[in-house]
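Please open the structure in your viewer and keep the sequence panel beside it, so that each selection can be made by residue number.

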Amino acid sequence: MKMPGMGGMTIYFDQYNPNSEKGTDVRRSLAGLDYSPLPRVTGRSFAMAMLVSMGGLIFGYDTGQIAGFLEMPDFLRRFGQDDGNGQYSFSNVRSGLIVALLSIGTLVGALVAAPVADKMGRKLSISLWCLICAVGFLIQIAANTAWEQVMIGRLVAGFGVGALSLLVPMYQAETAPPWIRGALVCTYQLFITLGIFLSACFNYGTYIHQRQSSASWRIVIGVGWAYLIILGVGILFFAETPRFAYSRGRHDEAKKTLCNVYGAPPNHYSIVVQMEEIEAKVVAESKVKGGPISEIVSMFRAPRVAYRVALGMSLQMFQQLTGANYFFYYGTTIFESVAISSFVTQVILNGINFGVTFIGLYLVEHYGRRKSLIAGSIWMVICFLVFASVGHFSLDQETPANTPGAGVGLIVFACLFILGYATTWGPQVWALISELFPNRYRAKGMALSTAANWLWNFLIAFFTPFITGAIDFRYGYVFAACNCIGGLIVYFFLIEGQGRTLEEIDTMYLEHVPARKSSKWVAPSAEEMAKLRREAGTDETVMAHDDVEQRGALSGETERGADGIDKKTEQPGRNESSSHAENVIR
Ligand code: BGC
């Protein structure tokens, strides 16, 4: 993307400068501020990006490791059931519970994390949840032969993973400058996939070198402590988020943190505008009467918001129903049955998942959401149809060695499937739900959509062993059908957001623009859009500032696209973010 306002590593503010000839989006009252260019990345913001990465890594590492454990001889001997002939295996209930309890934990952790963080502060609660996660690992590592202990350990670790999956992005969304927020969304998703990949590598390593000992799985879990220490201790060296400090009346501290992270002086335009926005949000929240329940009721009554919540939840549900976690959670077991080194296969699948996510992050900005998601659905349908047919009709399931060609075919189509998933539905659904909701309801809308993701994550993790037990590889037809439905939902209901500001996306939903024609929609003037959105009550900053019309800057004009860039002018935006993490701002 061409960015005239952003010279590579430098961010320019001339567009907002009333004293500059290039000023097109100016506020006269701010003429006395500093508009000098800023570095895109400062030491502090880089350190924060690393921190975010750690959150993603823990998420991915924990969800990824279980696939390999289920096939490790020592893990099977200790926690599986004796078949009577010296062979050990897991019943469907047992493996389903061991795999899925982490997802239940994450669901709970994510729901309680926000209120806890509002009380304790972001920083300390991140450390607290790291500790809880570490306890979860300890419970698992200490398990000797009781499978229930592994299950409880995963549940406890899940509380931490779920809470961190919400809090770490929350921390960065509340602190990072708008011009790197988009990159941070991407970094987070990328590190989830890197975490899954690393767990597959560690599983492979310990399987090769420690196959018969408990080190095979204990080392893999234990390595997770290193990530927790880096994050849990590292965060203590960072400041509290400006938004949290501000809400506690510590205004100077909030400003100082912004200056440090942005690399800007206190009278810099970016700092003053950011402080205004923080203030607007905090004031708007304090004006909301009647507590969270009435806010939720008003959310469902607000024009076209229920529609968007249903859409966000469906997109997340169908992201899970693409079937990706069938491979990530049970891949080792699937490929064990085709007598090919299943651990190596898992490393390959996860390596592809990580590598091609880069392509997905490019596609989302360059080819539009609708086109790439629909193309992804068609691709995944084809892959699952072939996978299921080869598995059911060509593979000799009793003695897979008799049909080596079919085994290779399964692996090839699993890889092709992951190529489709990781370039489209994997990363893009997270980006989509960050731009679907209007400012005022974004946090709640995203939380509900994310909860749908975890709920379906749990259901698939739990029921997969039962379903494959009953219908073997024909399970792939179920996912093929789900991918069809997912593609149709995008075709009929999802509005194209590529190249649009968040304000335009909101307006398109309010105006009932048909999804299929949304790419060609021509936006009305900024004033008309602001009026429409004010009447609909979807912009919370309007509630905070009565002088919003004269000030202009806080109505709709402040909202930018998911990468923090104003899509029309391609200048750095001043929006209160729109990242993966946005769910948590309030
Ligand atoms: C999904 C996870 C999945 C991962 C795989 C994420 O976007 O939400 O459930 O395991 O992608 O890369």
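The tour below goes from the whole chain to single residues, helix pairs and salt bridges.

**The whole chain**

Begin with everything shown, and keep in mind that this is a predicted model. If you colour by secondary structure, you will be looking at 23 helices and five strands. Colouring by accessibility instead brings out the buried residues, which make up 61% of the 586 residues in the protein. Among contacts between residues at least 6 apart in sequence, 77% join residues at least 24 apart, and the first stop gives an example of residues that meet across such a separation.

**First stop: Ala67**

Select Ala67, which lies in helix 1, residues 43-69. Is Ala67 buried or exposed? Its relative accessible area is 0%, and therefore Ala67 counts as buried. Now add Phe328, Tyr329, Tyr330, Thr332 and Gln346 to the selection, since these are the residues that Ala67 touches when those up to four places away in sequence are left aside. Within this group, look at Thr332: Ala67 and Thr332 are 265 residues apart along the chain, and yet their C-alpha atoms are separated by 5.7 Å.

**Second stop: helices 3 and 5**

Next, select helix 3, residues 92-120, together with helix 5, residues 147-175. The axes of helix 3 and helix 5 are 6 Å apart and pack at an angle of about 35°, and the crossing of the two is right-handed. Sorted by class, the residues in the contact of helix 3 with helix 5 are 22 nonpolar, five polar and two charged.

**Third stop: the network around Arg122**

Keep helix 5 in view and select Arg122, which is buried, with a relative accessible area of 3%. The side chain of Arg122 meets that of Asp118 in a salt bridge of 3.0 Å, taken from N to O, and Asp118, at 32% relative accessibility, counts as partly exposed. Arg122 also forms a salt bridge with Glu174, where the closest N and O atoms are 2.9 Å apart. This second pair links distant parts of the chain, for Arg122 belongs to helix 4 (residues 122-142) and Glu174 to helix 5, with their positions 52 residues apart. Both Arg122 and Glu174 are buried. Add Arg243 to complete the picture, as salt bridges with shared partners join Asp118, Arg122, Glu174 and Arg243 into one network.

**Fourth stop: Asp14 and Lys22**

For another salt bridge, select Asp14 and Lys22, whose closest N and O atoms are 3.7 Å apart. Here Asp14 is partly exposed at 24% relative accessibility, whereas Lys22 is exposed, with a relative accessible area of 58%. The count of salt bridges comes to eleven. Side chains of opposite charge can pair when their charged atoms come close.

**Last stop: helices 9 and 10**

Finally, select helix 9, residues 251-262, and helix 10, residues 269-287, whose axes come within 10 Å and cross at roughly 135°. How do helix 9 and helix 10 lie to each other? They are oblique, because only angles over 145 degrees would count as roughly antiparallel. The crossing of helix 9 and helix 10 is right-handed. To see the contact itself, show His251, Ala254, Lys255, Leu258, Cys259 and Tyr262 in helix 9, which meet Ser270, Ile271, Gln274, Met275 and Ile278 in helix 10. These residues divide into seven nonpolar, three polar and one charged.

How values were computed. Residues are numbered from 1 along each chain as its sequence is written. This is a predicted model: local features need pLDDT of at least 70, side-chain atom pairs count only at pLDDT 80 or more; totals for chains, interfaces and linings use all residues. Side-chain values use heavy atoms; hydrogens and water are left out. Helices (H or I, at least four residues) and strands (E, at least two) are DSSP runs, numbered from the N terminus. Buried means under 20% relative accessible area, exposed over 50%, partly exposed in between (1.4 Å probe, protein chains only). Contact means heavy atoms within 4.5 Å. Axes are lines fitted to C-alpha atoms, for helices over the stretch in contact, and angles run from 0 to 180 degrees between N-to-C directions. Angles under 35 degrees count as roughly parallel, over 145 as roughly antiparallel, 65 to 115 as roughly perpendicular and the rest as oblique. A crossing is left-handed if the near helix is turned anticlockwise from the far one by less than a right angle, and right-handed if clockwise. Ala, Val, Leu, Ile, Met, Phe, Trp, Tyr, Cys and Pro count as nonpolar, Asp, Glu, Lys and Arg as charged, and the others, Gly among them, as polar. A salt bridge is a side-chain nitrogen of Lys or Arg within 4 Å of a carboxyl oxygen of Asp or Glu.
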